[in-house]
Amino acid sequence: MEERNDLLTEQLTEGSGADGQTRAAVVSLLVDEGPLTAGDIAERLGISPAGVRRHLDILTAAGDIEPAAPGFGKGGRGRPAKWYQLSPAGRGKLRHAYDDLAGAALRKLRDIAGEDAVQSFAADRIDGIVSEIAPASSSGDVVATVEQIADALTSAGYSANTREVGTGVQICQHHCPVAHVAAEFPELCEAETAKFTELLGTHVQRLATIANGDCVCTTHVPLHPPPDTAAPERTLPTQPTHGKASR
């Protein structure tokens with residue numbers, strides 16, 4: 001799939017040789033896996049944390065990345081690590097070449113056939129992405145179906161993974177190839193949520209979307225009961241004793 005990736009091109013052309021390649025690699029990591037810490041990026045790229053921080057400072061100064069919200073990530077001893085994510089401005093440079101064409105086509109579809117046609121198109125699109133996934137009711141394993149949905153989304157360019165949170169699991173989409181179109185046509189996001197609910201057999205909640213300016217599209221899937229909680233043993237009622245007690 002061809003795309004106009006202005007941010008990566010900018011880093012390669014403006015950087016001095018290896019520096020430009022490293023910054024482009026940092027951007028790619030933040031697109032696929034962000035938010036990340038300088039240590040995370042250093043480990044993945046095989047360079048020093050100090051070198052990574054220099055590139056992060058340059059990208060931050062250019063407005064292409066920004067610190068994630070306070071409290072992101074797991075707590076621990078010592079000074080909290082700073083997490084970095086692509087900024088809305090930086091993500092705006094990752095536009096796909098078909099964005100303008102897709103937006104124009106959907107506007108025309110809405111003008112000619114109305115909102116129902118747009119909703120139908122959005123539903124057909126996500127149906128195609130998850131067409132090979134059987135409903136969780138078939139296997140009885142909601143978590144396995146969540147993993148299959150994440151894999152299907154990744155294959156479609158969404159860079160998705162899952163994580164356990166409390167008594168549920170979340171689908172995290174670190175990239176959205178249609179984010180700019182979805183900002184104008186939320187039907188695309190709504191169709192995804194409806195399809196996830198249908199496949200999983202439980203009401204899911206969309207917590208954040210890249211189309212609305214968030215760094216990750218996050219969908220929460222409640223699990224009832226939690227996967228590690230055993231069913232409580234049944235206590236039988238005490239039967240009354242008739243007659244004399246045995247000696």
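Me: Which residue in β5 is the bridge partner of A160?

Reply: In this predicted model, the bridge partner of A160 in β5 is Q173. Another such position is T162, which stands opposite I171 in β5.

Me: How do you know that β4 and β5 pair, and in which sense do they run?

Reply: Strand β4 covers residues 160-165, and 6 bridges join it to β5 in the antiparallel sense. Two strands count as a pair if there are at least two bridges between them, so β4 and β5, with their 6 bridges, qualify. The hairpin that these strands form has 2 residues between them, and within this hairpin G166 takes a positive phi near 60°.

Me: What makes β5 and β7 a pair?

Reply: β7 takes up residues 217-222, and between β5 and β7 there are 6 bridges in the antiparallel sense. Since at least two bridges are asked for, this pair also meets the requirement. C172 gives an example, standing opposite T218 in β7.

Me: In what order do the 4 strands of the open sheet lie?

Reply: The order is β4-β5-β7-β6, with antiparallel pairing. From one strand to the next, the twist averages 25°.

Me: Why are β4 and β6 called edge strands?

Reply: Each of them, β4 as well as β6 (205-208), pairs on one side only.

Me: What makes β5 largely enclosed by the rest of the structure?

Reply: Strand β5 runs over residues 168-173, and 6 of its 6 residues are buried, so the strand is largely enclosed by the rest of the structure. A residue is called buried when its relative accessible area is under 20%. In a regular strand the side chains alternate between the two faces of the sheet. In β5 both faces are covered, with G168, Q170 and C172 buried on one side and V169, I171 and Q173 buried on the other.

Me: Which helices lie across β5?

Reply: α9 lies across β4, β5 and β7, and its direction is at about 150° to β4. Helix α11, made of residues 187-200, lies across β5, β6 and β7, running at about 135° to β6. These two helices, α9 and α11, also pack with each other at an angle of about 145°, with their axes 10 Å apart. The contact is made by V142, T145, V146, I149 and L153 of α9 and by F196, L199 and L200 of α11.

Me: How do you know whether S159 is buried or exposed?

Reply: The relative accessible area of S159 is 17%, and the limit for calling a residue buried is under 20%, so S159 is buried. Its place is in the loop between α9 (142-155) and β4. Leaving aside neighbours within four places in sequence, the residues in contact with S159 include D32, L153, T154 and C172.

Me: Why is α3 described as roughly perpendicular to α4, rather than roughly parallel?

Reply: Helix α3 (residues 38-45) and helix α4 (residues 49-61) pack at an angle of about 115°, with their axes 8 Å apart. Angles of 65 to 115 degrees count as roughly perpendicular, and therefore α3 is roughly perpendicular to α4. The crossing in which α3 passes α4 is right-handed. At this meeting A38, I41 and A42 belong to α3, while P49, V52, R53 and L56 belong to α4.

Me: What makes β2 and β3 a pair in the open sheet of 3 strands?

Reply: Strand β3 holds residues 83-86, and 3 bridges join it to β2, the two running antiparallel. As at least two bridges are needed, β2 and β3 count as paired. One pair of facing residues is E66 and Q85, the latter in β3. The order of the sheet is β1-β3-β2, and its edge strands are β1 (36-37) and β2 (65-67), each of which pairs on one side only.

Me: How many helices and strands does the protein chain have, and what part of its residues counts as buried?

Reply: The protein chain has 11 helices and 7 strands. Of its 247 residues, 39% count as buried. The accessible surface of the chain comes to about 14400 Å², and 52% of that surface belongs to carbon and sulfur atoms. Among contacts between residues at least 6 apart in sequence, 53% join residues at least 24 apart.

Note on methods: Residues are numbered from 1 along each chain as its sequence is written. This is a predicted model: local features need pLDDT of at least 70, side-chain atom pairs count only at pLDDT 80 or more; totals for chains, interfaces and linings use all residues. Side-chain values use heavy atoms; hydrogens and water are left out. Buried means under 20% relative accessible area, exposed over 50%, partly exposed in between (1.4 Å probe, protein chains only). Contact means heavy atoms within 4.5 Å. Accessible areas come from the Shrake-Rupley method with a 1.4 Å probe; for residues, only the protein chains shown count as cover. Axes are lines fitted to C-alpha atoms, for helices over the stretch in contact, and angles run from 0 to 180 degrees between N-to-C directions. Angles under 35 degrees count as roughly parallel, over 145 as roughly antiparallel, 65 to 115 as roughly perpendicular and the rest as oblique. A crossing is left-handed if the near helix is turned anticlockwise from the far one by less than a right angle, and right-handed if clockwise.
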